[in-house]
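User: Got a model here that I'd like to go through with you. Can we start with the terms and then walk the structure?
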Amino acid sequence: MAESVVTFLVDRLTMLLDEEVKLLSGIREQVEDLVNELERIKAFLRVADAKEESDPQLKVWVKQVRDVAHEMEDALDKFRLFHSHYHGHGFQASLHKLSCIIKKWKVNHQISADIRRINSKVKSLYEGNERYKLVARAGSSSASLVHHHKIGQGDALLLEEADLVAIGEHKKQLIELLMKGDTGRQVVPVVGMAGLGKTTLVKQVYKDPKVQKRFKVHAWITVSRSVKINQLLRHMINKIFRVITKPDPEDEEVETTDDNQLRERIKKLLQNSRYLIVLDDIWHIQDWEAINHVMPNNDRGSRVMLTTRNVNVASASCLGNSADMIYRLQPLSPEDSWTLFCKKTFHGESCPPNLEEFCQCILMKCRGLPLATVAIGAVLALKDKRIVDEWAAVCHSIGAEIAGNDQLDSMKKLLYLSYRDLPYHLKSCFLYLSIFPDFYKIEHMKLIRLWLAEGFVIGKEGRTPEEVAESYLRELLNRSLIQAAETSTDGRVKSYRIHDLLLEIIVLMSREQNFAAIEKGQGTICPDKVRRLSIVNTLQNVCQKRTPSRLRSLLVFGVEDSLDDFPIPKLLPDLQLLTVLDLEGARLDMFPSEVVKLLLLRYLSLRHTKVKQIPSSIKKLQNLETLDLKHSHVVELPAEILNLKRLRHLLVYRYEVESYARFNARKGVKIPAGICGLQSLQKLCFIEANQYSGALMEELGRMNQLRRLGIYKLGVEHGVTLCSAVQKMTNLRSLSVSSTEKDKIIELSHISHAPPFLQRLYLTGRLENLPRWISCLQNLVRLFLKWSHLKEDPLVHLQGLPNLVHLELLQVYDGERLHFDAGGFPSLKLLGIDKLDELQLVTIEEGAMPRLEKLIIQRCKCLKNVPFGIEHLTKLKLLEFFDMPDELITALHPDGGGDHWKVAHVPAVYYSYWRGGGWDVYSLVNDVESINSGTSSVRRLERNILWKV
């Protein structure tokens, strides 16, 4: 990691030499000398980083190098801080500028002295390192010889399922345990050491169609080591709601309910159903005892599965039922280990004969642990098969680490090898994940923006920094270091998680290296020199401690204390070098005035706060790249926002969710004239179009760098201007446009050449005709059309879209028939049809929508028959009806419904009615143990998100 820190510093110094010549007058030669010294020392660090754990003296030397690099970074940022001061205009500004000229001499003199002092330290470290004799070996470092294979992102997303070989017999045995005829509730614990694949195996069982059909109420609950019971109970409720209908992610009722009421609520939800609850990764007996009794023994054959490393937890969970329900997962046999190893290392090919000896050596030391085998396989897959020394070095370097009896510790040491093999630019990116707390799903774009703000992303010609960061994430996925937690309907990864063992490793490393630390309150000691700090749950103890003055990033997670009680000056007494400030979800009503003094700030998030106004003093934050005001109460931005020339991501919008989508549910923002001056902007969402007599739409035509654009309140008179602007946005990936009112026309027919890379299109408002250019969007994966009121069947022009995955139609068509032709919509997986008031007939030819998995039809009052040909949708997994005519529902009833046979192949069929502020949800499957099949409903009081609004 010291190599990464030094390389990062060298890159910054080089950039400073290239871009800020005027600022370096008088000290340029000293900076160049320092760069040269740091380059010399980098050669040692590549080898030293790999060996420091086994050599205490070398470890001290590496720490000293890291500290000196941080010291120089501090001096550099203080230099930048002085030159970042905003002088303003007028006479007072001139006086201020004069005083700054006087100070400049002092600042340059100070940094000159700092560089001389640091340079002397670097030379001393270089000379002191001579006794380690590492120069000759540095040149053969594996990092310089890595051969990159192009492994697809899809492989990484399927990694969990693909990595457990010989799964068939284990899966069969576990399914038999679940299906045993005992009607009482039974617990099936899967126990074994870390890395054996317990979670992977149980997930395969859980996803099996036979299991999901038998247990219509099923929920997967991940239990972390430091989980709060209240949080766990809320999580269980949300998961159970998710399977019986679609839950609202912000459930204020659940948030304010105490633990006992939550337990009773869960018991009531489960009491009348045959359920399967999976509790993944339970560490402590007390955690099991706290949730055991919320899962009732209802004599319906319900089951609870859990995974644990602790045999005592497994035994405690089986008290009261037969001990033979404990499933002890064993390490892989040598044969299966070799199969998995070759699968990961050589992509299913056989091992080259010249490497077999070393591969067998490495594999023997993995001791049948799938996670260890996968991790080392991912490392080796990137190495050149022709360079045998590379493979021999790996074999010899891991022997000592995995020879001990403590398998968990051995695993951690082995997984550290995956980290060590990362290129230096990915090491910082990966360590950065330690700043997020347990149980946290790391949002894809948030992580990218944070990496950019930290300066971790190295620019590449022809690619935006965001695209480079995307490639970093794909590489971490493909190296098995992170996992996809959530994916969207069009296949994009929405959030990530990191394996708990890897998280433990990098948290320890981050603290030791002063890279990052998490402050959780009682008992946590924040290192004085830490560079990044996360505050979790409370500010109570943070304010009693001295906040590190070297801090670069400050993030809060789930903090319930009001910032009125713990104001920003107490949190930020001496943090002038801060580049990241994330106050998402903080109890904050006003923009903190002290923030504008943080002149080096690149990332500012006030998401999910109650901030209403942004002050004009925001202009001082000249380095700001991300301003995230999503789900705040800001409705207008000051003209001074135009001073932020480096701004790349401007997010200012919120949603108001009810039962069904409403036209005006999205709230955007008014922006000042001149927005086209922000030429670095990649994302601009959502802005009010009805300003400046159409001049704003003209300005957008000069912003062809935009990747995502959101427009609302578009008047018909400005449609032609917007079309002209959109045609010029050749980099646009996502476009959202809504009219002033739902019966007002969106004029978008004047686009002759649509953006070639457009992937997501959302149109809200009346359309005279479906724009013909939409049918030419070869890369379109998601299309939402709402309140279009077309006279012509839109499917005629849409069904040829080759990559469309998700289609939603809300009041889109005033005709009586929809027809899906054979071969149409070849990639579609999710189709939603809502409130087509005149629709009487839907026909689906055989071969249409061959990949459709989810079909949702709602509020079509004249549609009294199930779609003809629905039996041809053989891949359909979920069919839902909301507020549909009784005739249609009756015909689908499992007890004598004439059309039930048409949907008998669909695992989940539901119909729901919105009544009295809640959903009544019924199941239409031929299983008396399903969710109150056909006759009685499961009641939901929560509001429901059915559509992206």
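Analyst: Terms first: helices (H or I, at least four residues) and strands (E, at least two) are DSSP runs, numbered from the N terminus. This is a predicted model, where local features need pLDDT of at least 70, side-chain atom pairs count only at pLDDT 80 or more, and totals for chains, interfaces and linings use all residues. Residues are numbered from 1 along each chain as its sequence is written, and side-chain values use heavy atoms, with hydrogens and water left out.

User: How many helices and strands does the protein have?
Analyst: The protein has 29 helices and 31 strands.

User: And what share of the residues count as buried?
Analyst: Of 949 residues, 59% count as buried. Buried is under 20% relative accessible area, exposed is over 50%, and partly exposed is in between (1.4 Å probe, protein chains only).

User: What about contacts between residues at least 6 apart in sequence?
Analyst: Of those contacts, 64% join residues at least 24 apart. Contact means heavy atoms within 4.5 Å.

User: Strands next. Where is Phe686?
Analyst: Phe686 is in strand β18, residues 683-688. A cis peptide bond joins Cys685 to Phe686, with omega about -20 degrees.

User: Which is commoner for peptide bonds, cis or trans?
Analyst: Most peptide bonds are trans, and most residues other than glycine have a negative phi.

User: How far is Phe686 from Arg654?
Analyst: They are 32 residues apart in sequence and 9.0 Å apart in space, C-alpha to C-alpha. Arg654 lies in strand β16, residues 654-655.

User: What does Arg654 touch?
Analyst: Not counting residues up to four places away in sequence, Arg654 touches His631, Ser632, His633, Val635, Ala665, Arg666 and Lys667. His631 sits in the loop between β14 (626-628) and β15 (649-651). His631 is not a glycine, yet has a positive phi of about 60 degrees.

User: Which other residues have a positive phi?
Analyst: Lys835 is one of them, with phi near 55 degrees. Lys835 is in the loop between β25 (830-834) and β26 (841-844). With a relative accessible area of 26%, Lys835 is partly exposed. Arg367, just after α17, also has a positive phi, about 55 degrees.

User: Which residues of α17 are buried?
Analyst: In helix α17 (residues 356-366), they are Phe358, Cys359, Cys361, Ile362, Leu363 and Cys366.

User: Cysteines there. How many disulfides?
Analyst: Zero. A disulfide is a pair of cysteine sulfur atoms within 2.5 Å.

User: Why is Cys862 not in one?
Analyst: Because the closest cysteine sulfur, in Cys860, is 9.0 Å from the sulfur of Cys862, too far for a bond.

User: Are Cys862 and Cys318 buried or partly exposed?
Analyst: Cys862 is at 29% relative accessibility, so it counts as partly exposed. Cys318 is at 5%, so it counts as buried.

User: Switching to helix packing. At what angle do α21 and α23 pack?
Analyst: About 80 degrees, with the axes of α21 (residues 424-431) and α23 (residues 465-478) 11 Å apart. So α21 is roughly perpendicular to α23. Axes are lines fitted to C-alpha atoms, for helices over the stretch in contact, and angles run from 0 to 180 degrees between N-to-C directions. Angles under 35 degrees count as roughly parallel, over 145 as roughly antiparallel, 65 to 115 as roughly perpendicular and the rest as oblique.

User: Which residues meet there?
Analyst: His425, Leu426, Cys429 and Phe430 in α21 meet Tyr472, Glu475 and Leu476 in α23.

User: Now loops. Where does Asn298 lie?
Analyst: In the loop between α14 (285-292) and β4 (303-308). Asn298 counts as buried because its relative accessibility is 10%.

User: What does the side chain of Asn298 reach?
Analyst: The side chain of Asn298 reaches the backbone oxygen of Ser273 at 2.8 Å. A polar atom of that side chain also lies 3.1 Å from the backbone oxygen of Gln271.

User: And where is Asp814?
Analyst: Asp814 is in the loop between β23 (806-810) and β24 (817-820). Leaving aside neighbours within four places in sequence, Asp814 is in contact with His789, Leu790, Lys791 and Glu838. The side chains of Asp814 and Lys791 make a polar contact at 3.3 Å. A polar contact is a pair of N or O atoms within 3.5 Å; within protein, one must be able to donate a hydrogen and the other to accept it, and residues adjacent in sequence count only if both atoms are side-chain atoms.
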